[in-house]
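Please walk me through the helix packing in this structure, then through its cysteines.

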Amino acid sequence: MSWLSQDMPFGVSPEGRGFVKVNKELEPNPETGKKLFAEKCSVCHGADGEGQYNDDGTYLYPAVAGDKSFNDGAGMARTYTAAAFIKGKMPFGQGNTLSDQEAVDIAAYFTHLPRPVKANKDKDWPNGDAPKDVRR
């Protein structure tokens, strides 16, 4: 794994690493998110979030919904986690161009599209301390 940090000075975080912060007090609007997804995301991720794939089956742009997407227990299935990624990294090559509200709305839309179900999800958060955006 050391090759990942090859030519990086010790203790320096590479540009673009991590997520930005989004306001978790914002109320998500999935209807607005659906419109924004169509405008800003579907060109890469497909109209239904199914992604785009190369002839060899590897993805060009990953699925964010459907059978080839992450499951409903993944961190990215959480509205505010997805919004933080979207805000900082999307649209591709145009990170930090969406407002917090736009990122939250887009996340609220696509994180609730059909996707694989995580096995034994009922065992997550056994103490009842699940964040408000966890899929149940």
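The paragraphs below take up a pair of helices, the segment that follows one of them, an enclosed helix and the cysteines.

The model is predicted. Helix H1 spans residues 30-40 and helix H4 spans residues 100-110. Their axes come within 7 Å of each other and cross at roughly 95 degrees. Angles of 65 to 115 degrees count as roughly perpendicular, so H1 is described as roughly perpendicular to H4.

The contact between these two helices can be read residue by residue. On the H1 side, Pro30, Thr32, Gly33, Lys34, Leu36 and Phe37 take part. They meet Glu102, Asp105, Ile106, Ala108, Tyr109 and Phe110 of H4. Sorted by type, the residues of the contact of H1 with H4 comprise seven nonpolar, two polar and three charged.

The segment after H4 contains Thr111. Thr111 has 0% relative accessibility and therefore counts as buried, the cut-off being under 20% relative accessible area. A polar atom of the Thr111 side chain lies 2.6 Å from the backbone oxygen of Ala107. Leaving aside residues up to four places away in sequence, Thr111 touches Met76, Ala77, Arg78, Thr79, Ala82 and Arg135.

Two of these partners, Thr79 and Ala82, lead on to helix H3, since both are among the buried residues of H3. H3 runs over residues 79-89, and eight of its 11 residues are buried, so H3 is largely enclosed by the rest of the structure. Besides Thr79 and Ala82, the buried residues of H3 are Tyr80, Ala83, Ala84, Ile86, Lys87 and Gly88. The list thus includes a lysine, Lys87. H4 is included in what covers the buried residues of H3. H4 therefore appears in two settings: H4 meets H1, and H4 helps to cover H3.

That leaves the cysteines. How many disulfides does a search of the whole structure find? The search finds zero. For Cys41, the closest cysteine sulfur is that of Cys44, at 8.6 Å, which is too far for a bond. For Cys44, the closest cysteine sulfur is in turn that of Cys41, so this sulfur too is too far away for a bond. A disulfide would need the two sulfur atoms within 2.5 Å. Are these cysteines buried or exposed? Cys41 has a relative accessible area of 12% and is buried. Cys44 is buried as well, with a relative accessible area of 17%.

Terms used: Residues are numbered from 1 along each chain as its sequence is written. This is a predicted model: local features need pLDDT of at least 70, side-chain atom pairs count only at pLDDT 80 or more; totals for chains, interfaces and linings use all residues. Side-chain values use heavy atoms; hydrogens and water are left out. Axes are lines fitted to C-alpha atoms, for helices over the stretch in contact, and angles run from 0 to 180 degrees between N-to-C directions. Helices (H or I, at least four residues) and strands (E, at least two) are DSSP runs, numbered from the N terminus. Angles under 35 degrees count as roughly parallel, over 145 as roughly antiparallel, 65 to 115 as roughly perpendicular and the rest as oblique. Contact means heavy atoms within 4.5 Å. Ala, Val, Leu, Ile, Met, Phe, Trp, Tyr, Cys and Pro count as nonpolar, Asp, Glu, Lys and Arg as charged, and the others, Gly among them, as polar. Buried means under 20% relative accessible area, exposed over 50%, partly exposed in between (1.4 Å probe, protein chains only). A polar contact is a pair of N or O atoms within 3.5 Å; within protein, one must be able to donate a hydrogen and the other to accept it, and residues adjacent in sequence count only if both atoms are side-chain atoms.
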